[in-house]
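Dear colleague,

I am passing on the structure below, together with some notes on what came out of going through it. Please read them with the coordinates open beside you.

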Amino acid sequence: MGHKNCSRRCDTEMGLHGMTMTIKDIARMAGVSVSTVSKCINNYGDIGEETRRKVLAIMEETGFKPSFSARSLISKRTHMIGVIFGHHVNYDFSHRYYTEVLNAFKQAIGVLGYDMLLFSNERFQPQGEDYLARCRHYKVDGCLIFAANDIADAIKSLDRSEIPCVGIDLTLLGESSASVRQDNTAAGAAAADHLLDCGHRQIGYIGSRYAEPVYRYRESGLRQAMERRSIPVQDDWIVYAGHQQEQDGYEAARLLLEWGELPTALFAGSDLLAFGAIRALKEAGVAVPERVSVIGCDNIEACRFIVPPLTTLEPGKQFIGQQAAQLLHELIERREKAAKGSPAPIPAPASSSAAGSGAGAATAQSRNVILVQSKVVVRGSVAPPPEPV
């Protein structure tokens with residue numbers, strides 16, 4: 001009798017091998033409930049090890065793989081990350097810095113099992129449809145937010161919500177939020193120190209009125225480094241471009257040329273501003289770096305190809321993207337554990353000892369901010385100052 005039952009059971013299971021398996025089939029074959037199989041799939045900790053091994057063995061034997069939709073229904077997660085460029089002006093893929101950080105984030109978050117959904121910032125509905133409404137509509141698990149200037153109300157609402165968010169180069173304050181930022185003050189100081197070490201004492205700066213916090217911090221770092229060495233800062237050589245594109249750097253450098261006496265070196269708050277400044281100087285017959293040295297910031301790919309190749313600050317874009325992905329994943333996991341009644345502490349930032357001292361080294365500014373350090377990438381646009389005539 002037992003033999004017949006065994007044969008019937010084996011025949012039934014073999015028949016299922018050629019069929020599309022469901023979670024109910026696995027539960028029946030393992031002699032457990034559907035919820036137990038679900039917990040095994042999602043690696044819950046309240047399942048006995050013997051039961052877990054039995055369920056996983058049946059899944060492997062039958063070749064059962066839960067579909068994406070099934071996993072989403074079980075876990076109540078979509079494994080979708082919203083990506084938001086939160087500027088008041090549509091300033092996003094035109095800047096290589098953001099593109100390179102986003103590419104690193106995409107690779108890292110993909111390995112962790114997520115897809116990305118890019119949100120447009122071109123138009124909102126007057127009835128109040130904003131980033132938060134969209135994120136809830138699409139049930140994203142978390143958000144990556146790029147915003148280098150003042151934060152719009154739509155971003156503030158999202159930051160205050162229950163949705164985990166990680167900001168790039170902006171500080172988020174929500175309970176479910178964190179930030180990964182360049183240490184822009186330290187970057188400005190590093191640029192100034194490099195120029196001072198090369199012998200320059202007459203140093204100018206091109207910033208931007210548009211993305212005020214980033215450029216203000218970089219200017220502050222420049223001033224601090226010069227003051228530490230008792231080198232005066234000449235305000236006539238501090239120029240603020242309208243925006244952050246190459247043309248803005250060109251126009252800012254034209255202003256310097258019109259004012260007369262030039263510094264021997266220029267620190268541009270971004271590589272694009274530096275490109276424009278070099279073009280303006282060349283057009284005016286001012287040799288770079290023989291007459292005026294130029295240093296940029298961000299180390300975008302084009303720095304290697306202009307003439308002369310641009311000396312710049314590398315902020316560790318790959319590291320920033322990777323840290324943002326890991327941090328957002330941990331915030332999502334933390335929210336899920338809190339929903340189950342076992343809240344976990346907010347993830348700790350990477351330590352500087354683990355990351356090293358060059359580009360990509362990270363230090364914790366507060367419980368929810370990772371500051372990333374930059375390093376100087378030396379190329380041909382900086383030389384010692386010219387000899388006095």
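Which residues does Val180 touch, not counting residues up to four places away in sequence? Bearing in mind that this is a predicted model, the residues that Val180 touches are Val166, Gly167, Ile168, Asp169, Ile320, Gln323, Ala324, Leu327, Ile370 and Val372. Val180 itself lies in strand β5 (residues 177-182), and because its relative accessibility is 0%, Val180 counts as buried. One of its partners, Gln323, is 143 residues apart from Val180 along the chain, yet the C-alpha atoms of the two are separated by 7.3 Å.

Turning to the nonpolar cores, the largest has 76 residues, of which Phe105, Phe146, Ile168, Leu281 and Val294 touch the most other members. This core draws at least three residues from each of domain 2 (80-175 + 319-364) and domain 3 (184-315). A second core, separate from it and made up of 16 residues, includes Val140, Ile155, Leu158 and Cys165. As for Val294, its contacts beyond four places in sequence include Leu266, Ala274, Ile278, Leu281 and Val288, and also Ser381 and Val382.

Finally, there is a helix pair to look at: helix α3 (residues 34-41) packs with helix α4 (residues 49-62) at an angle of about 85°, their axes being 10 Å apart, and α3 is therefore roughly perpendicular to α4. On the α3 side the contact is made by Thr36, Val37, Lys39, Cys40 and Ile41, and on the α4 side by Thr51, Arg52, Val55 and Met59; sorted by class, this contact has 5 nonpolar, 2 polar and 2 charged residues.

Best regards

Definitions and conventions. Residues are numbered from 1 along each chain as its sequence is written. This is a predicted model: local features need pLDDT of at least 70, side-chain atom pairs count only at pLDDT 80 or more; totals for chains, interfaces and linings use all residues. Side-chain values use heavy atoms; hydrogens and water are left out. A nonpolar core is a set of buried Ala, Val, Leu, Ile, Met, Phe, Trp, Tyr and Cys residues joined through side-chain atoms within 4.5 Å. Buried means under 20% relative accessible area, exposed over 50%, partly exposed in between (1.4 Å probe, protein chains only). Domain bounds come from an automatic or database domain assignment. Contact means heavy atoms within 4.5 Å. Axes are lines fitted to C-alpha atoms, for helices over the stretch in contact, and angles run from 0 to 180 degrees between N-to-C directions. Helices (H or I, at least four residues) and strands (E, at least two) are DSSP runs, numbered from the N terminus. Angles under 35 degrees count as roughly parallel, over 145 as roughly antiparallel, 65 to 115 as roughly perpendicular and the rest as oblique. Ala, Val, Leu, Ile, Met, Phe, Trp, Tyr, Cys and Pro count as nonpolar, Asp, Glu, Lys and Arg as charged, and the others, Gly among them, as polar.
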